[in-house]
Amino acid sequence: MTLPAALKRNMGVIAKRPIANVAWRYDAKPENGYHQEYWRRLQELKYDFATGEARARVDADGAVGTAMRFTAMQKGVHVLIVGTSKPERWKQNAELLRAGPLSAEVEASIRATWKETAQEDWIGQT
Ligand SMILES: NC(=O)c1ccc[n+]([C@@H]2O[C@H](COP(=O)([O-])OP(=O)(O)OC[C@H]3O[C@@H](n4cnc5c(N)ncnc54)[C@H](OP(=O)(O)O)[C@@H]3O)[C@@H](O)[C@H]2O)c1
């Protein structure tokens with residue numbers, strides 16, 4: 001079901017993998033099969049927020065902050081699931097969302113890059 005369809009039915013929506021396994025952290029193809037497809041797509045997308053120094057930044061405009069804020073700002077999304085093995089990160093990640101939605105310019109740029117680059121078979125992953 002699409003997000004607009006869920007909205008229409010007044011359903012709660014959980015966004016899974018908003019940070020895509022942090023696949024931008026890898027310089028070479030990751031060994032973990034779950035991470036490979038995200039990594040492959042990011043090689044083509046070359047998002048500003050997921051390349052260069054932004055990859056490792058821990059502020060709200062770094063890669064994790066941007067990815068979470070982008071997902072959380074979508075109308076109809078209620079909850080994000082972000083996995084971590086480090087309990088302190090749960091709070092740190094939640095704090096990044098305090099910055100609120102991305103600017104309209106940054107959101108538009110992320111969408112435009114996706115539209116220009118994404119292939120038909122770039123569907124949601126399990
Ligand atoms: N139903 C299903 O079929 C299914 C399948 C797979 C996963 N899931 C669920 O989906 C959720 C998310 O999956 P996931 O954990 O595989 O992927 P994820 O949330 O996309 O990524 C988790 C990874 O992100 C890292 N991370 C988290 N916050 C970070 C930060 N601020 N900076 C840098 N790295 C950060 C974690 O590293 P650290 O551990 O070092 O923090 C971990 O390696 C989980 O709840 C999982 O149970 C469900």
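## A loop residue to start with

Lys 46 sits in the loop that connects α2 and α3. This is a predicted model, and in it Lys 46 comes right after α2 with a positive phi, near 50 degrees. That sign is found here although Lys 46 is not a glycine. Is Lys 46 buried or exposed? Lys 46 has 11 other C-beta atoms within 10 Å, so it counts as exposed, the cut-off for that class being 12 or fewer.

## Two asparagines in loops

Asn 10 also has a positive phi, near 60 degrees, and is a residue other than glycine. Look for Asn 10 in the loop between α1 (3-8) and β1 (14-16). Asn 10 counts as exposed because it has 7 C-beta neighbours inside 10 Å.

Asn 32 belongs to the loop between β1 and α2. With 10 other C-beta atoms within 10 Å, Asn 32 is exposed. Asn 32 and Asn 21 are 11 residues apart along the chain, and 9.9 Å separates their C-alpha atoms.

## The chain as a whole

Stepping back, you will find five helices and two strands in the chain. Their order along the sequence is α-β-α-α-β-α-α. The radius of gyration is 15 Å, close to the 14 Å that the globule rule gives for 126 residues, so the chain is as compact as a globular protein of that length.

Along the principal axes, the C-alpha atoms fill a box of roughly 40 × 35 × 30 Å. Buried residues account for 13% of the 126 residues. Now take the contacts between residues at least 6 apart in sequence: 63% of these join residues at least 24 apart.

## Two helices to compare with expectation

How well does α2 agree with the span its 13 residues should have? At 1.5 Å a residue α2 should span 18 Å, and its end C-alpha atoms are 19 Å apart, which agrees.

Helix α5 covers residues 104-117, 14 residues in total. From its first C-alpha to its last, α5 reaches 20 Å, close to the 20 Å expected at 1.5 Å a residue. How many of the residues of α5 are buried? The count is zero, so α5 is hardly covered, given that a buried residue needs 20 or more other C-beta atoms within 10 Å.

## The nonpolar core

The largest nonpolar core is made of 13 residues, and Ala 63 and Val 64 have the most contacts inside it. Both α2 (33-45) and α3 (63-72) supply at least two residues of this core. Which helix gives the most? That is α3, with four residues.

Ala 63 is a good place to begin exploring the core. If you leave aside neighbours within four places in sequence, Ala 63 is in contact with Trp 24, Phe 49, Ala 50, Ala 54, Arg 55 and Arg 57.

## Around the ligand

There are 16 residues around the ligand. Which of them come nearest? They are Arg 17, Val 64, Gly 83, Thr 84 and Ser 85. Val 64 therefore appears in two settings, as one of the nearest residues to the ligand and as one of the core residues with the most contacts.

By residue type, the shell around the ligand divides into six nonpolar, six polar and four charged residues.

Notes. Residues numbered from 1 in each chain as written. Predicted model: local features only at pLDDT ≥ 70, side-chain atom pairs only at ≥ 80, totals over all residues. Near = placed C-beta within 6 Å. Nonpolar A, V, L, I, M, F, W, Y, C, P; charged D, E, K, R; others polar. Core = buried A, V, L, I, M, F, W, Y, C linked by C-beta atoms within 7 Å. Contact = placed C-beta atoms within 7 Å. Expected span 1.5 Å × (residues − 1). Rg over C-alpha atoms; globule rule 2.2 N^0.38 Å.
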